[in-house]
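Subject: Structure handover

Hello,

Here is the structure I promised to pass on. Please open it and keep it beside you while you read my notes.

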Amino acid sequence: MTPLEFDARHLWHPYTHVLEPGPMHLIAETQGVWLTRDDGVRMIDAMSSWWCTVHGHRHPAIIDAMQKQLGRMPHVMFGGLTHEPAIELGRRLIKMLPAGLDRIFYSDSGSVAIEVALKMAVQYQIAKGRSERTEFATIRGGYHGDTWKAMSVCDPVNGMHGLFSGALSIQHFLPRPAIRFDQDWLEDPAKNGLDALEQLLETKGSKIAALILEPVVQGAGGMFFYHPAWLRGARAMCDAHDVLLIFDEIATGFGRSGEMFAMDHAGVVPDILCLGKALTGGHITLAATVATEEVARGIGESEAGVLMHGPTYMANPLACAAGVASLDQLSLRNWRQEVADIARQMNHELSLARNLPGVADVRVLGAIGVIEMQDRVDASIAHKLAPDTGVWLRPFGRNIYCMPPFIISPDELSRVTAAMVALAGGAR
Ligand SMILES: *Cc1c(COP(=O)(O)O)cnc(C)c1O
C-alpha cells in the first residue's frame, strides 16, 4: 500500500466521506504561506490551515521558542504545579484583552474552550441561586465546535450537526442579526432584529444561563459579517435579564477581522471569552476561556468553589511557549496595516467575481475574503485544481473563501484571489 492508499483505507479526515475521501494531498513540508507536497508540488495555504497560521507556517521565532521549551519541559501537569510559559502567556493575554477579562482557563482545543465557557455560565448561575438557568440562547448561522454541548449551540441547519438534532438538548435560536456590517444601523428593534432577543429574554430568560455567539463574524456557519451595534444592544439586554454573554472569538481573535478582537468593532466586553486557533500562530493546538472577575468570584464563592473541569494537557508548556512567541510577533509587526492592505487588495480583486453567473455575494472584512455562490460548491473541484493553480482552497457550503496568513505578499494574494474567481466561474 502506498502512503495515500493507507491513508484512504485507515485514517478518518474531518468532514470527509469515509469510503470515498476524494483527492488527498500528501504534504511533506510547510514554510511561510507555502505547503509542499511529497512530490515537490507547492500550494499557497489560503486557508491559513483553518484560520490559524497568521504569521505563516514555521515562523522562525515561534519554532525557536518551541525548540527551547522542548529542550526544557514539553509537558507537566497543571494541577498543583505551574510554569513560566503559562504565566507569561497569561500576562500577555491580560494586557491585550479589554479591562475586566481577568481569569484565564487554558484548554487544548476550541471546542473544549466552549464547553468550559458553557459550564462556567451554568456554575455561575447556580452560585447566584439561579440553578434553573441551564439553557442557552444563540443566533442562527453560528458555529462553536464539534463536541456535544458546543454542537447544541451551532446553527441547527447549516452548523453541520443537523444529523444529531434529536439527540441534542434544545437551545434557543434567534434570527441572525439582520443588518450587515457595512449597512447603516437602524435603531428600530423590529428592523435590527433585537426585538427577537428582547422577546426571548422576557419569556424564557429565567431558564437561560447565557447568550453565546461569534461577535461580528460568523465563520464556519456561513462567513457572515453583521453590524457591531447589535452586540451593544445584546449586552444591555443580557445585563437586564441576568443572562451572561459569551463571545466565541476562536476564529476572529488576533487581528483577523481588522481589529485585534472582533468585539473591538463594537467596544463590547463579554462575561466570558473563548480563544483558540491563531493563539499559537497555528503551530500547535491551544485554547483559552477567559472570564471576568465577577464570574470567577461567583463560582469561587459558591459552595463548590471549584470549576468542574480539568484537561489532562491543560496549559501544556510547549503550546503556551508557542503562544507567547506568537503574541510577541503580533506586537512586533504592524499586523493592522498588513490586514488593511490584504482587505483593500481582496476588495479590488474579488470584485471581478461580482458579475459572474451564479455568484450571490462578494464580501471582505479584514483578512477574510468570501465569494458566496447561489448553490453549494463542490469542494473536490477546488482540491483537484489546487496543484495547477498553486492555491489551496477548501470551500464549504455555498462559500468560496480565503483567510490568508497576514505575511502573504501582494503577488501571492493575487494568485489566491485569481484562483477563487476562477473557481466561482466554473464551480457551478
Ligand atoms: C474552529 C472553531 C471552534 C472549534 O475549535 P476546535 O479547535 O476545532 O475545537 C469553535 N468556534 C469557532 C468560532 C471556530 O471557528
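Which residue stands opposite V290 in β12? The partner is I104. Keep in mind that this is a predicted model.

**Strand β12 and its partners**

I104 belongs to strand β4, residues 101-107. That strand runs antiparallel to β12, and 6 bridges join the two. Strand β11, residues 272-275, also pairs with β12. Here there are 4 bridges, and again the two strands run antiparallel. Within this pairing, I272 stands opposite A291 of β12.

Strands of a sheet pair through backbone hydrogen bonds, and they can do so parallel or antiparallel.

Now look at the side chains of β12 itself, residues 287-292. In a regular strand, side chains alternate between the two faces of the sheet. In β12, A287, T289 and A291 point one way. A288, V290 and T292 point the other way. Buried or exposed? All of them are buried. That is 6 of the 6 residues of β12.

**The loop before β12**

T280 sits in the loop between β11 and β12. Its relative accessible area is 0%, so T280 is buried. Setting aside neighbours within four places in sequence, T280 is in contact with I62, L286, A319, A322, G323 and S326.

**Strand β16**

Next, go to strand β16, residues 399-402. It is covered on both faces. N399 and Y401 lie on one side, I400 and C402 on the other, and all are buried. Its partner is strand β14, residues 368-373. The two run antiparallel and are joined by 4 bridges. Find I371, which stands opposite I400 in β16.

**An open sheet**

In what order do the 4 strands of the open sheet come? The order is β1-β2-β3-β15, with mixed pairing. β1 (27-31) and β15 (391-392) stand at the edges. Each has a single partner strand, so one side of each has no neighbour in the sheet.

Inside this sheet, strand β2 (residues 34-37) and strand β3 (residues 42-45) run antiparallel, joined by 3 bridges. T36 stands opposite R42 in β3.

**Two packed helices**

Two packed helices are described by the angle between their axes and by the distance between the axes. Try this with helix α8 (residues 194-204) and helix α9 (residues 229-240). They pack at an angle of about 15°, with their axes 10 Å apart. That angle makes α8 roughly parallel to α9, because angles under 35 degrees count that way. The crossing of α8 past α9 is right-handed.

Which residues meet? From α8 come L194, L197, E198 and L201. From α9 come W230, G233, A234, M237 and C238. The residues of this contact divide into 7 nonpolar, 1 polar and 1 charged.

**Helix α5 and the loop after it**

Q123 lies in helix α5. Its relative accessibility is 12%, so Q123 counts as buried. Beyond neighbours within four places in sequence, Q123 is in contact with I299, A304, V306, L307 and M308. Q123 and Q183 are 60 residues apart in sequence, and their C-alpha atoms are 38 Å apart in space.

T134 is found in the loop between α5 (110-127) and β5 (135-139). At 40% relative accessibility, T134 counts as partly exposed. T134 touches V122 and K207, not counting residues up to four places away in sequence. T134 and F6 are 128 residues apart in sequence, and 45 Å apart C-alpha to C-alpha.

**Two backbone angles to check**

W50 is not a glycine, yet it has a positive phi of about 60°. W50 is in helix α2, residues 48-51. Its relative accessible area is 39%, so W50 is partly exposed.

A315 is not a glycine either, and its phi is positive, at about 55°. Look for A315 in the loop between α10 (293-300) and α11 (317-332). Buried or partly exposed? A315 is buried, with a relative accessible area of 0%.

Best wishes

Definitions and conventions. Residues are numbered from 1 along each chain as its sequence is written. This is a predicted model: local features need pLDDT of at least 70, side-chain atom pairs count only at pLDDT 80 or more; totals for chains, interfaces and linings use all residues. Side-chain values use heavy atoms; hydrogens and water are left out. Buried means under 20% relative accessible area, exposed over 50%, partly exposed in between (1.4 Å probe, protein chains only). Two strands pair if DSSP finds at least two bridges between them. Axes are lines fitted to C-alpha atoms, for helices over the stretch in contact, and angles run from 0 to 180 degrees between N-to-C directions. Angles under 35 degrees count as roughly parallel, over 145 as roughly antiparallel, 65 to 115 as roughly perpendicular and the rest as oblique. A crossing is left-handed if the near helix is turned anticlockwise from the far one by less than a right angle, and right-handed if clockwise. Contact means heavy atoms within 4.5 Å. Ala, Val, Leu, Ile, Met, Phe, Trp, Tyr, Cys and Pro count as nonpolar, Asp, Glu, Lys and Arg as charged, and the others, Gly among them, as polar.
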